[in-house]
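Here are some notes from my pass through this one, in case they help before you set anything up. Have the viewer open while you read.

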Amino acid sequence: MITLFRTDKKYTFTELRTKVRDLIRSLPRNVSFIGDPIKVLRYEFLCEPIVPLIWLHNQKAKEKIFWSNRDASFAVAGIGVADSISGHEKRDFQDVFARMEDRFSADNPKLRYYGGFSFDHLITDPVWKKLSSYYFVIPRFEFYQKGEEFSFVLNIALKDICEEKINQILDEFEKIDFSLETTFRNIPQILSRADFPNQKSWQDIFAQANKVENKIEKVVLARKSEFEFDVNIRPSALIKHLKDKTPQCYHFCFQVDKYLAFLGASPERLYFRKENFIESEAIAGTVARGKNTTVDTELAEELKESTKNILEHRFVVEAIEQALAPLCKEINKDQQASILKLKEAQHLLTRFTGILDQKVTNAQILAALHPTPAVAGTPSQKAIQLIKNLEPFDRGWYAAPVGYVGYEHCEFAVGIRSGMVNQNVLSLFAGAGIVEGSTALGEWDEIENKISRFMKVFQS
């Protein structure tokens, strides 16, 4: 049995420094090594409030993660690595989940890996390869916020409880900055922009996607817009400003080096699971927000009546229902689509809930749901092949599953409205669903609107 430390005492940061330092030093003499050395221990300390993203920005660690859910009731900022699972080989959902689940136990229900997968099996871009085909990490140190409760967390694997490692972990801890405020530098300046494809090439690709011989109901084609800045981009600053400007979204940042990270603000849940309960949703079909309540309502009504948007949404609803049916003994869905109102856009939304069959695994769920027609198309395999043939860039983690995995619970969002930071270059990705009634200019403009929403973080 692994006994974890958690107390109802709320520590000041001064008290916290002493308590955690003493705990780390005591581990070699106090922790029993009976059990699997890959198991990870988690120690939680209730503490005074701090904004997780301010804390994250103040840290000098090379590896960082951030995750917050859509209703902002939960957020975690983490630094360092207590354990990680990654690989460049063809991803195997079953193997990756099994390796994570080996570290979990009922004694340690809050332990979580954070990370994600690539959109497709094969990564060709050397920048994406630095993030790997899949990457999940348990941070060494976390600031964990749930509602009004804040906790500082130490995670450590049993195999690391030795003198050499303990001294290293103590050194990492002493470098942590508990300042309640931070300083963000002036807004970086854009030096150049390049689009892949550019508008002329987009028209050609759009025409190829609509060739009669393709016989495909829907394909989602994406664009990469590459912005070069005058200075290197700090991912923690970018995700902080993005979160401030994009409420009602999942916010995520997976940083593997000081200026290398995948981050974004996605409105779209792929699935949430707790034991045998599952939630998923279809989000497809988009219009802008109105300048006032009357215009906003009119646009929402247009969305509900738009043949193109209804068709896009129906493909996603049908695909999710078909994916969940073999996995669930009970499924419920909204009888009709509702309107999801975000700050900059409105979408058609249909929610699903279900009771999973007893032995269904997360690997089975992910394989069944990803990719949905919202990010690939339908029929799925034909759409994916068309994407490979037509898109002039590697999607990497764009539109792929990102989230966390814990003991008998996990949550994944779809990695849209996202970008890759690489030194002073920010690559943004956005896509549009091409169905009957789509136009090259209309889809180009839809993608441009999505990219421009992200770029508002660089406006004063």
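1. Let's start with helix 8, bearing in mind that this is a predicted model. Asp-296, Leu-299, Ala-300 and Leu-303 are the residues to click on here: they are buried in helix 8. Looking down the helix axis, the buried residues sit within an arc of 100°, so they line one face of helix 8. That fits the textbook picture: an α-helix has 3.6 residues a turn, so residues three or four places apart point the same way.

2. What do those buried residues pack against? Their neighbours are strand 15, helix 9 (307-324), strand 17 (338-341) and strand 18 (345-356). Flip to the other side of helix 8 and you find Thr-294, Glu-302 and Glu-305 exposed.

3. The helix geometry checks out. With 13 residues (293-305) at 1.5 Å a residue, helix 8 should span 18 Å, and its end C-alpha atoms are 19 Å apart, which agrees. At the start of helix 8, Asn-292 puts a side-chain oxygen within 3.1 Å of the backbone nitrogen of Thr-294.

4. Next, strand 14 (residues 269-274). Five of its six residues are buried, so the rest of the structure largely encloses strand 14. Strand 14 pairs antiparallel with strand 21 (residues 409-414) over five bridges, and antiparallel with strand 15 (residues 277-288) over three. Phe-272 shows both pairings: Glu-411 stands opposite in strand 21, while Glu-279 is the bridge partner in strand 15.

5. Strands 14 and 15 make a hairpin with two residues between them, and Glu-275 in that turn has a positive phi of about 55°. Two further non-glycine residues with positive phi deserve a look. Glu-408, in the loop between strand 20 (401-406) and strand 21, has phi near 60°; at 44% relative accessibility, Glu-408 counts as partly exposed. Gln-423 also has phi near 60°, lies in the loop between strand 22 (418-422) and strand 23 (425-434), and is partly exposed at 37%.

6. Check the cis peptides before you build a topology. Phe-196 to Pro-197 is cis, with omega near 0°, and Pro-197 lies in the loop between strand 10 (190-196) and helix 6 (199-209). Thr-378 to Pro-379 is cis too, with omega about -5°; Pro-379 is in the loop between strand 19 (377-378) and helix 11 (380-390).

7. One last proline: Pro-49, in the loop between strand 2 (40-47) and helix 2 (52-58). Leaving aside residues up to four places away in sequence, Pro-49 touches Phe-13, Phe-150 and Leu-180.

Technical notes
Residues are numbered from 1 along each chain as its sequence is written. This is a predicted model: local features need pLDDT of at least 70, side-chain atom pairs count only at pLDDT 80 or more; totals for chains, interfaces and linings use all residues. Side-chain values use heavy atoms; hydrogens and water are left out. Helices (H or I, at least four residues) and strands (E, at least two) are DSSP runs, numbered from the N terminus. Contact means heavy atoms within 4.5 Å. Buried means under 20% relative accessible area, exposed over 50%, partly exposed in between (1.4 Å probe, protein chains only). Two strands pair if DSSP finds at least two bridges between them. The expected span of a helix is 1.5 Å times one less than its number of residues. The arc is that of the directions from the helix axis to the C-beta atoms. A polar contact is a pair of N or O atoms within 3.5 Å; within protein, one must be able to donate a hydrogen and the other to accept it, and residues adjacent in sequence count only if both atoms are side-chain atoms.
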